[in-house]
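Trainee: I have a new model on my screen and would like to learn how to read it. Could you walk me through a few features?

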Amino acid sequence: MAESEAPADLVLVGGAVSTMDADRRTAAGVAVRDGRVVAIGTAAEADQLRGPRTRRIDLIGRTLVPGFHDAHVHPVMAGINLTRCPLHDLAPEAPVYLEAIRTYAQARPAAPWVIGDGWYMSAFPGGTPTRQALDAVVPDRPAFFVNRDGHGAWVNSRALELAGIDRDRPDPVSGRIEREPDGDPSGTLHEGAMEIVRQILPPTTVEDLAYGLELAQAYLHRLGVTAWQDAWVTAEDLAAYRMLAERGKLTARAIACHWWDRDQGGEQVDEIVERRRTGNIGRLRANTVKIMQDGVAENYTAAMLEPYRAPGGGATANRGISFVEPELLKDHVRRLDALGFQVHFHALGDRAVREALDAIGAARRANGPSGGRHHLAHLQVVDPADLPRFKQLDVSANIQPYWACNDAQMVELTLPFLAPGRATLQYPFRSLEAAGARLVGGSDWTVSTPNVMAEIEVAVNRISPENRAADAFLPAEALSLDSALGAFTNGGAWVNHLDSETGSIELGKLADLVVLDQDIARTDPRRLGDTKVLMTLVEGAAVHEDPELERP
Ligand SMILES: [Zn+2]
């Protein structure tokens, strides 16, 4: 089915094409012209549109899928980390860290500070690295490295000097300065003590944010992500997005969520309306407000219907925190909905989920149906009574499948503390789907990986690729491959208001496409996360290309 006979710019032929259209049609060839899909069909049909200047991509043994949507991600935050010296992915050994820091610092002689994060305490005796070790690789400038859990920092002598931390400086009330036997600071600062140095770090400029965002965008394109919803955008972050979009460098489709300041009330709405007005440039849109209704289960701040259990199993009265008082939440959501905003909730505990649904219900009663396409992210615990309300209220379920497994977070920090009977209500993806909820996928990067194929592996197995020998976590809640892929393509496109142009491979739609290195329908489902993205296209233009694409 070709739209016309003019030559295509690009044909992709000979493999599995998962169109992810409403009928889930498959094909073996796709042709692209002027950024749009102009033919879908057999390899021969696509090949017919080849002209002398048409590029041909071989799909044999590969899969072509629509560009991925990440419906909950933090690229600006992630990008700032990418501009710094990351230690996260290295072997947790002092010499490895020191070599990486030396290399990073030497490559950036003009940077006034050397900043990074991600070291493991276990790499150093007593968990406390020394200033002398850091001085050896960064002798000329201050250096500041936060550890992996964010509760401590490793600094060099120059940083201590600039911050005025010496043997005479007392520990701050909220922290501790690790010291040598004679009282001199040894180079590790705990909790509040690291803030003394953090305060004197060079301020992050909008230019810095924009540079980080560009790095994050490249990172996400390498994983096949072509569109996302940035779940927490400040005025400065929006300025960075605008800067990138104005320079023509925003290749992704980005939806910026204005952060709802829970310390304020409705008085912030006018400013959000004004920011929305300035947020439509190129592929940037800014019509969403993010409301964080509760915290996280691991520190008992997720809002629960039933109280948490104490360590050891006793009862407590703690049901977590509703950050916005539920009646006020109804008022705010009613108003935002009437103003045409989409509301993106952080709703993790079952009480937060209910309060968010109640607020959307209030908006529906007051305003009737709207085009806001509201959604609830995280959904760690959902009361069964609330499952059908997603469909009834036309609310999408924004799921983070990577979390639905028996990892340490779950086994050590969550399961022992949930009320009896509530642990089995976690991440109920299959139940939500069965109740008619639209599923949309998100990573919450940098909280966890934005590797969509790894997220899909967990969605279909409920086992982490980081520990494939573990038992499946509530396997009855596993999704099919089609449903999981749908959440990251057409589901995400819906919630991003981009479904008329992206989210499926269809005639006339934008050619936002991803070439995967294997036929994912035939791959061992327990190895889906090993799938590599060979090429990512936005409107037919390559934004990522792996050398393996053009194999001999
Ligand atoms: Zn988040």
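Mentor: Let's go through the metal site, a sheet, the aromatic rings and a few charges in turn. Keep in mind that this is a predicted model.

Trainee: Let me start with the metal. Which residues are the protein donors of the zinc ion?

Mentor: For a metal, look for the atoms that count as donors. Here the zinc ion has H72 (NE2), H74 (NE2) and D444 (OD), lying 2.1 Å from it. Water is not among the atoms, so the site may look incomplete.

Trainee: How are the donor residues spaced in sequence?

Mentor: The pattern reads H-x1-H-x369-D. H72 belongs to strand β6 (residues 68-73), while D444 sits in the loop between β19 (438-441) and α15 (452-461), so this pair ties together parts that are 372 residues apart in sequence.

Trainee: Are H72 and D444 buried or exposed?

Mentor: Both H72 and D444 are buried.

Trainee: Now the sheet. What is the order of the strands in the open sheet of six?

Mentor: To read a sheet, follow its strands from edge to edge. This one runs β7-β8-β9-β10-β12-β11, with mixed pairing. At the edges stand β7 (85-86) and β11 (175-179), each with a single partner strand, so one side of each has no neighbour in the sheet. The pairing of β11 with strand β12 (residues 185-191) is antiparallel, over four bridges, and I177 stands opposite L189 in β12.

Trainee: Which strands does α3 touch?

Mentor: α3 packs on the sheet and touches β7, β8 (114-119), β9 (143-147) and β10 (152-155). The direction of α3 makes about 155° with that of β8. P95 is in this helix, residues 94-107. With a relative accessible area of 59%, P95 is exposed, because the cut-off for that is over 50%.

Trainee: How many aromatic pairs does the structure hold?

Mentor: Ten. For each pair, check the distance between centres and the angle between planes. W119 and F124 are edge-to-face, 5.6 Å centre to centre with 90° between the planes. W119 and W154 are also an edge-to-face pair, at 6.1 Å and 75°. Since W119 lies in strand β8 and W154 in strand β10, that pair ties together parts 35 residues apart in sequence.

Trainee: Which residues form one aromatic cluster?

Mentor: Y97, W119, F124, F145 and W154. W154 is buried, with a relative accessible area of 0%.

Trainee: And where does the charged end of R373 sit?

Mentor: For a charge and a ring, look at what lies over the ring. The charged end of R373 sits over the ring of W494, 3.5 Å from its centre. That of R462 sits over the ring of F429, 5.1 Å from its centre.

Terms used: Residues are numbered from 1 along each chain as its sequence is written. This is a predicted model: local features need pLDDT of at least 70, side-chain atom pairs count only at pLDDT 80 or more; totals for chains, interfaces and linings use all residues. Side-chain values use heavy atoms; hydrogens and water are left out. Helices (H or I, at least four residues) and strands (E, at least two) are DSSP runs, numbered from the N terminus. Buried means under 20% relative accessible area, exposed over 50%, partly exposed in between (1.4 Å probe, protein chains only). Donors are N, O and S atoms within 2.8 Å of the metal (3.2 Å for Na, K and Ca); water is not among the atoms, so sites may look incomplete. Two strands pair if DSSP finds at least two bridges between them. Contact means heavy atoms within 4.5 Å. Axes are lines fitted to C-alpha atoms, for helices over the stretch in contact, and angles run from 0 to 180 degrees between N-to-C directions. Rings of Phe, Tyr and Trp (its six-membered ring) pair if their centres lie within 6.5 Å; planes under 30 degrees apart count as stacked, over 60 as edge-to-face and the rest as tilted. A charge sits over a ring if NZ of Lys or CZ of Arg is within 6 Å of the ring centre and within 35 degrees of the ring normal.
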